[in-house]
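Subject: Structure handover and notes

Dear colleague,

Here is the structure I promised to pass on to you. Please have the sequence and the coordinates open while you read the notes below them.

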Amino acid sequence: MAARKWFASFFPSVKAQEEEDIVDPQAVLREKCAQHGHTPALWEKYQACNERVSGRSQTTETCVEELFDYLHELDHCVSKTLFSKLK
C-alpha cells in the first residue's frame, strides 16, 4: 500500500472529463443538402434508374452516371460550408 502511494506521488492519475458525443459535420451537412436544390430530383432520377435496372433480368445498363450526378451535387452543396465548421 505504501509503495502505491509512493508510486502515485511520481505519476499522478488523470481522470478524463465526460465528452459530448462527437458529431460529424459532414454527415449533418449531407442530410441538410439532400433536401435542397437539385439534389432531391437527382436522387429520384437515381431511384427510378435503380428500379428500372432491378426489374430487368438481362441488361447492361447501370446507374453509375445517375449516382455520380447525385453525389457530385451533394458534395458541391456540402463543400460550401464544411470547412468553416471544422476545428
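The notes below go through the fold, helix H4, the nonpolar core, the disulfides and the aromatic rings.

Please keep in mind throughout that this is a predicted model.

**Overall fold**

The protein chain contains 5 helices and 0 strands, and from the N terminus on its elements follow the order α-α-α-α-α. Of the 87 residues in the protein chain, 16% are buried. If you look at contacts between residues at least 6 apart in sequence, 63% of them join residues at least 24 apart.

**Helix H4**

I would begin with helix H4, which covers residues 64-79. With 16 residues at 1.5 Å a residue, H4 should span 22 Å, and the distance between its end C-alpha atoms is 22 Å, which agrees. Its buried residues are Glu66, Tyr70, Leu74, Cys77 and Val78. Because these cover an arc of only 100 degrees around the axis, they sit on the same side of H4. Glu65, Phe68 and His72, by contrast, are exposed on the other side of the helix. As for what the buried residues of H4 pack against, their partners are H2, H3 and helix H5 (82-85).

**The nonpolar core**

The largest nonpolar core consists of 8 residues, namely Leu29, Cys33, Leu42, Tyr70, Leu74, Cys77, Val78 and Leu82. At least two residues of this core come from helix H2 (25-33), and at least two from H4. It is H4 that makes the largest contribution, with 4 residues.

**The disulfides**

There are 2 disulfides in the structure. One of them joins cysteine 33 to cysteine 77, with 2.1 Å between the sulfur atoms. The torsion about this S-S bond is about -75 degrees, so the disulfide of cysteine 33 and cysteine 77 is left-handed. Since cysteine 33 belongs to helix H2 and cysteine 77 to helix H4, the pair ties together parts that lie 44 residues apart in sequence. Both ends of this bond count as buried, cysteine 33 at 6% relative accessibility and cysteine 77 at 19%; the value for cysteine 77 should be read against the cut-off, as buried means under 20%. Cysteine 33 and cysteine 77 also both appear among the residues of the core described above.

The disulfide between cysteine 49 and cysteine 63 likewise has its sulfur atoms 2.1 Å apart. Here the torsion about the S-S bond is about -95 degrees, so this disulfide is left-handed. Cysteine 49 lies in helix H3, whereas cysteine 63 lies in the loop between H3 and H4, so that the pair ties together parts 14 residues apart in sequence. Cysteine 49 and cysteine 63 are both buried.

If the bonded cysteines of the protein chain are numbered in sequence order, the pairing reads 1-4, 2-3.

**The aromatic rings**

The structure also holds 2 aromatic pairs. In one of them, tryptophan 43 and tyrosine 46 form a tilted pair, with 5.6 Å from centre to centre and 45 degrees between the planes. These two residues are 3 apart in helix H3 (residues 39-54), and therefore about one helical turn separates them. Their surroundings can be described through accessibility: tryptophan 43 is partly exposed, with a relative accessible area of 35%, while tyrosine 46 counts as buried at 16%.

Tryptophan 43 also pairs with tyrosine 70, the ring centres being 5.0 Å apart and the planes at 55 degrees, so this pair is tilted. Because tryptophan 43 lies in helix H3 and tyrosine 70 in helix H4, the pair ties together parts that are 27 residues apart in sequence. Tyrosine 70 counts as buried, with a relative accessibility of 10%. Through these ring pairs, Trp43, Tyr46 and Tyr70 are linked into a cluster.

**Where to look**

If you would like a place to start in the viewer, I suggest Tyr70, which is one of the buried residues of H4, belongs to the largest nonpolar core and takes part in the ring cluster with Trp43 and Tyr46. From there you could turn to Cys77, which is likewise a buried residue of H4 and forms the disulfide with cysteine 33.

With best wishes

Technical notes. Residues numbered from 1 in each chain as written. Predicted model: local features only at pLDDT ≥ 70, side-chain atom pairs only at ≥ 80, totals over all residues. Heavy atoms only, no water. Phe/Tyr/Trp six-rings, centres within 6.5 Å; stacked < 30°, edge-to-face > 60°. Buried < 20%, exposed > 50% of the residue type's maximum accessible area, 1.4 Å probe, protein only. Core = buried A, V, L, I, M, F, W, Y, C linked by side-chain atoms within 4.5 Å. Disulfide = S-S within 2.5 Å. Expected span 1.5 Å × (residues − 1). Arc of directions from axis to C-beta. Contact = heavy atoms within 4.5 Å.
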